[in-house]
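Reader: I'm new here, and I'd like a friendly tour. Please show me what we're looking at.

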Amino acid sequence: MTQSILVTGASRGIGRAIALRFAREGWTVVAVARKQPELDALRAEVISAGGMCRPIALDVADASAVARQLGGIEVDVLVNNAGVGVLKPMMELSAEEWHRMLDVNVNALFHVTRAVLPGMFARKAGHVCTIGSIGGRSVFVGGSCYGATKAFVTAWAENLMIEVRDRGVKVSVVMPGAVTTEFNGNAPGEKDRWKLVPADVADAVAQVVLTPPNVLIHRLEVRTLTVPAKGPGK
Ligand SMILES: NC(=O)c1ccc[n+]([C@@H]2O[C@H](COP(=O)([O-])OP(=O)(O)OC[C@H]3O[C@@H](n4cnc5c(N)ncnc54)[C@H](OP(=O)(O)O)[C@@H]3O)[C@@H](O)[C@H]2O)c1
């Protein structure tokens, strides 16, 4: 039977690469993000890669919209990837930026994962894989909110892992270093050549997900070897 994966933040960057990685395996992709045109473009690419795609335009921070659009959904794998980073010193963050990071990086995990878990419990099988960050375990200037949300991801995932494994559900966290995307307002270019590319993270997610039934890779860090001499040390 065709397997299915729900990826949040699938419209660009790492989430898009994960969607395409599993499309090439022949999986059905449920692609979630806010921007419909980008999701439609992804759908066309997934189909030409041999997969199926169901785009769902949705703000994962909107609890009632998540319940309405994802409640009761049946998927084999959930990848909580949608995330926001506004990397600057806390005194320079606006209240809106602070709350948006907490809403998308933390609170949306509650909304989306609770919509998906009942179907996994009923089938006694499933996998919840969340994209954390190396920034969740090593401090940096500008990371007071973002880094703390990613530290939350790691702690949340480990607690959830021991809560649901007896019900047949695996929980993992993949923690990338710096990746060339539009994250934190970045405009990808030559300066990013040293970073990982989104497909590197998608391959790491595939390694975590495509394991035998009794094997759980709970936590995986994926880093670049080519850190610039005076780079951020990731
Ligand atoms: N890039 C890095 O260096 C890096 C390193 C470590 C970890 N990460 C993590 O990797 C994940 C993906 O980041 P990225 O680098 O691919 O960033 P990105 O290029 O900015 O993509 C972020 C994705 O999240 C979606 N998104 C944002 N807010 C959303 C919301 N409220 N509801 C639904 N979707 C939302 C965006 O789609 P829409 O705008 O269409 O909604 C987009 O698809 C994040 O969790 C990030 O923290 C990134």
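**Pockets, cavities and contacts**

Reader: Which residues lie nearest the centre of the second largest pocket?
Author: On a 1 Å grid over the protein atoms alone, a pocket is an open set of points with protein on both sides within 12 Å along at least five of seven lines, and its lining residues have an atom within 4 Å of a point. The second largest pocket is lined by 16 residues, and those nearest its centre are Gln3, Ala125, Gly126, His127 and Lys170.

Reader: What kind of model is this?
Author: Residues are numbered from 1 along each chain as its sequence is written, and side-chain values use heavy atoms, with hydrogens and water left out. Local features need pLDDT of at least 70, side-chain atom pairs count only at pLDDT 80 or more, and totals for chains, interfaces and linings use all residues, since this is a predicted model.

Reader: What volume does the largest pocket have?
Author: Volume here is the space filled by probe spheres set on grid points, which are joined across faces, edges and corners. The second largest pocket comes to about 270 Å³. For the largest pocket, the value is about 1,100 Å³.

Reader: Which residues are closest to the centre of the largest pocket?
Author: You've just seen its volume, about 1,100 Å³. Its lining takes in 45 residues, and the closest to the centre are Gly83, Val84, Gly85, Phe183 and Asn184.

Reader: Which element gives the largest share of the lining of the largest pocket?
Author: Helices (H or I, at least four residues) and strands (E, at least two) are DSSP runs, numbered from the N terminus. Those that give the largest pocket two or more lining residues are helix 1 (13-23), strand 2 (28-33), helix 4 (95-123) and helix 5 (146-164). The largest share is 3 residues, and it comes from helix 1.

Reader: What about closed spaces: how many cavities of 30 Å³ or more are there?
Author: A cavity is a set of points where a 1.4 Å probe fits but cannot get out. The largest cavity has a volume of about 50 Å³, and the second largest holds about 30 Å³. Counting those of 30 Å³ or more gives 2.

Reader: Which element gives the largest share of the lining of the largest cavity?
Author: The lining consists of Thr8, Val60, Asn80, Asn81, Ala82, Val104, Ala108, Leu109 and Val112. The largest share, 4 residues, belongs to helix 4.

Reader: And which element gives the most to the second largest cavity?
Author: Around this cavity sit Asn80, Asn81, Ala82, Val104, Asn105, Leu109, Thr130, Ile131 and Lys150. Two elements provide two or more of the lining residues, helix 4 and strand 5 (126-131). With 3 residues, the top contributor is helix 4.

Reader: Is Lys124 buried or exposed?
Author: Lys124 sits in the loop between helix 4 and strand 5. Although Lys124 is not a glycine, its phi is positive, about 55 degrees. Buried means under 20% relative accessible area, exposed over 50%, and partly exposed in between (1.4 Å probe, protein chains only). At 64% relative accessible area, Lys124 is exposed.

Reader: What is the relative accessible area of Asn184?
Author: Asn184 belongs to the loop between strand 6 (169-176) and helix 6 (198-209). Its phi is positive too, near 60 degrees, and Asn184 is a residue other than glycine. Asn184 counts as partly exposed, with a relative accessible area of 36%.

Reader: How many salt bridges does the whole structure have?
Author: A salt bridge is a side-chain nitrogen of Lys or Arg within 4 Å of a carboxyl oxygen of Asp or Glu. Searching the whole structure turns up 12.

Reader: How many residues apart in sequence are the parts tied together by Asp203 and Arg21?
Author: Asp203 and Arg21 form a salt bridge, with their closest N and O atoms 2.8 Å apart. Asp203 lies in helix 6 and Arg21 in helix 1, so the parts that this pair ties together are separated in sequence by 182 residues.

Reader: Is Arg21 buried or exposed?
Author: Its partner Asp203 is partly exposed, at 33% relative accessible area. Arg21 has 17% relative accessibility, so it counts as buried.

Reader: Why are Arg100 and Glu96 about one helical turn apart?
Author: Their side chains meet in a salt bridge of 2.9 Å, N to O. Arg100 is partly exposed at 31%, and Glu96 is partly exposed at 48%. The separation is about one helical turn because the two are 4 residues apart in helix 4.

Reader: Which residues are joined into one network by shared salt-bridge partners?
Author: Arg193 and Glu190 form a salt bridge with closest N and O atoms 3.5 Å apart, and both residues are exposed. The network made by salt bridges that share partners joins Arg21, Glu25 and Asp203.
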